[in-house]
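Trainee: Before I work with this model, could you take me through how its features are to be read? I would like the general idea each time, and then the case at hand.

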Amino acid sequence: MSMGTDVAAAQLQVLNLSKHYHGVAVVDNVSLTVAPGEFVALLGPSGAGKTTLFRCVAALTPLDGGTVVVNRRELHTLRGAQLCAARRDIGVIFQQFNLVRRLTALHNVLAGRLGYVPTWRVLLRRFPAADRQLALACLDWVGLLGHAYQRADRLSGGQQQRVAIARVLAQQSRFILADEPVASLDPETAESVLDTLRSIARERGIAVLCSLHQVDLATRFADRILGMRQGRLLLDLPTAQLSAVHRNLLYAAAAPEAQSMQQRSTPMPFGVL
Amino acid sequence: MKSAPIYQEPATSWRGPRQRRRLAVVLLVLLFYGVSLHLAQVSPQKLLTGLPKMAGWMMKAWPPSTNELDILLLRAAETVAMAAIGTTLATILALFVCIFATRNLTPSRLLFYPMRWLLNILRGVDSFVFALLFVAAVGLGPFAGVLGVGLHTWGSMAKLYAEAIETVEPGPLEAVTMAGATRPQVVSYALLPDVLPSLASVTLFFWEFNIRASTVLGVVGAGGIGQELKNSMDLLDFPRLFTVLLIILVMVTAIDQLSAWLRGRLV
């Protein structure tokens with residue numbers, strides 16, 4: 001996979017994106033591109049601005065500066081019906097899965113078709129046969145066909161995240177944004193979810209931008225690695241070039257609280273253990 | 001191993017500003033209760049002299065009269081019907097407006113405040129007061145009661161609906177929004193399934209509450225069993241009064257049971 005992403009071919013192009021909260025720059029002048037079929041990991045400690053960046057890219061939060069271009073459309077200039085239509089091109093996977101808990105797995109996957117279906121069909125829960133077939137195929141692809149008619153809140157965390165992936169597949173977006181998709185999962189489930197995301201990129205030519213906080217997972221699954229710290233993008237490298245120097249750049253002395261926990265200066269109070 | 005450190009906590013004083021504020025609050029509460037007892041003309045002596053009078057009535061009330069049972073039962077059915085229609089009317093109206101009164105999902109800030117004011121006004125005026133007004137407008141009978149119950153419950157219910165919607169998790173709504181769904185689609189597909197149990201619970205509560213509230217609407221001429229309650233009291237017909245009270249008790253208990261059963265099924 002080439003690192004020099006051709007801007008014209010890019011699914012996602014972010015240019016000089018900035019976002020402030022109360023005068024503090026949470027995302028500071030970030031530019032990046034993701035090409036079709038490319039799996040890009042975004043690394044960075046907690047509070048680096050990864051989630052804010054993603055919310056800005058998804059147009060869930062307004063920008064303070066810069067542009068976001070998805071599929072040749074400048075997202076933040078769109079309103080109303082145009083914005084709804086443009087959002088179909090961005091599939092989002094969340095850390096907390098964000099399924100509608102009281103709907104079945106199948107109906108959650110069908111949620112990915114909402115942008116293509118007239119409102120009366122949504123109100124009556126009457127999806128066209130083709131959409132239902134597509135949704136079932138997506139559930140099959142993530143290995144959950146047998147759970148199609150189960151309520152989402154009855155599924156395990158890993159299964160819920162797979163339903164969320166099936167929802168994004170049913171949406172048929174060309175670009176997937178995954179915000180810490182494995183942070184709430186156990187290590188084995190995390191690997192299988194990332195593996196699924198990588199195959200989506202490889203087999204379907206979809207651009208995937210995925211934030212992670214485990215460096216080893218990023219190096220194993222990603223084609224390219226971006227690194228963020230204190231709102232700024234510090235790294236943009238092919239995975240093979242990532243070295244210990246780069247890791248230190250992102251994580252060294254990043255979390256003073258974590259350090260003080262390790263170098264405990266007082267003994268455990270009696271009876272705690 | 002190091003020895004455990006001594007932790008210094010900030011000193012507290014009995015005469016600090018916090019303590020003084022606490023004392024002021026206690027004094028204000030005592031003052032409030034003193035004034036209220038006086039205004040409410042609370043008098044234990046009056047209660048003591050009044051109790052034997054009530055006991056006398058109760059002696060005279062036995063056995064309860066049964067010769068007008070058919071008309072009394074009809075009036076009881078009127079009460080249930082009045083509460084049911086009024087609550088249903090309120091439910092429909094509340095469902096339509098509650099989204100406008102939510103902080104998180106209102107389509108426009110310009111609609112949020114006027115809607116909240118309207119609902120507060122409706123909620124602030126009791127069904128009893130509305131019924132009194134509607135008896136003057138549409139005449140005696142249960143229809144005035146339906147309108148009274150409906151309007152007051154509309155305000156109360158929409159407010160509780162809005163509060164239920166405000167506590168909903170934003171995540172699934174955002175996920176569905178990112179699938180390109182329009183606002184009505186988001187509300188119907190992601191919001192409604194999530195809040196339906198709370199909305200059903202609120203609705204059942206008001207149905208139950210309105211049946212109890214409707215038993216007295218007859219006092220202002222708005223139909224139902226309350227009318228017979230007032231008539232019997234005016235005529236000092238205690239056996240009949242006793243029958244009316246028994247019917248109310250049985251009716252309210254039965255509805256409470258039914259509603260508890262429904263809640264178990266729905267929520």
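What follows is a conversation about strands, helices, salt bridges and a record annotation.

Mentor: Two conventions come before anything else. This is a predicted model, in which local features need pLDDT of at least 70 and side-chain atom pairs count only at pLDDT 80 or more, while totals for chains, interfaces and linings use all residues. Residues are numbered from 1 along each chain as its sequence is written, chains are lettered from A and ligands numbered from 1 in the order in which they are written, and side-chain values use heavy atoms, with hydrogens and water left out.

Trainee: In which order do the four strands of the open sheet in chain A stand?

Mentor: Strands (E, at least two residues) and helices (H or I, at least four) are DSSP runs numbered from the N terminus, and two strands pair if DSSP finds at least two bridges between them. Here the order is β2-β1-β4-β5 in chain A, with antiparallel pairing. β2 (24–34) and β5 (73–74) of chain A each have a single partner strand, so one side of each is left without a neighbour in the sheet. Strand β4 (residues 65–70) of chain A joins β5(A) through two antiparallel bridges, and Val69(A) has Glu74(A) as its bridge partner. Helix α1 (residues 50–57) of chain A packs on this sheet, touching β1 (12–21), β2 and β4 of chain A, where contact means heavy atoms within 4.5 Å.

Trainee: Are the residues on the two faces of strand β6 of chain A buried or exposed?

Mentor: Buried means under 20% relative accessible area, exposed over 50%, and partly exposed in between, with a 1.4 Å probe and protein chains only. In β6 (residues 90–93) of chain A, Ile90(A) and Val92(A) on one side and Gly91(A) and Ile93(A) on the other are all buried. This strand pairs in the parallel sense with β7 (residues 175–179) of chain A over four bridges, and Gly91(A) stands opposite Ile176(A).

Trainee: How many residues of helix α6 of chain A are buried?

Mentor: For α6(A), 13 of its 15 residues are buried. The helix (residues 157–171) reaches 21 Å from its first C-alpha to its last, close to the expected 21 Å, a value defined as 1.5 Å times one less than the number of residues. Just after α6(A), Gln172(A) takes a positive phi of about 55 degrees.

Trainee: How many salt bridges does a search of the whole structure find?

Mentor: Side chains of opposite charge can pair when their charged atoms come close. A salt bridge is counted when a side-chain nitrogen of Lys or Arg is within 4 Å of a carboxyl oxygen of Asp or Glu, and the search finds 20 over all chains. One of them joins Lys50(A) and Glu180(A), whose closest N and O atoms are 3.6 Å apart. The pair links distant parts of the chain, with Lys50(A) in helix α1 and Glu180(A) in the loop between β7 and α7 (187–204), 130 residues apart. Lys50(A) is buried at 5% relative accessible area, and Glu180(A) is buried at 9%.

Trainee: Which side chain does Arg212(B) meet in a salt bridge?

Mentor: Its partner is Glu208(B), at 3.5 Å from N to O. The two are four residues apart in helix α8 (residues 183–214) of chain B, and are therefore separated by about one helical turn. Arg212(B) is partly exposed at 35% relative accessibility, whereas Glu208(B) is buried at 14%.

Technical notes
Axes fitted to C-alpha atoms, helices over the stretch in contact; angles between N-to-C directions.
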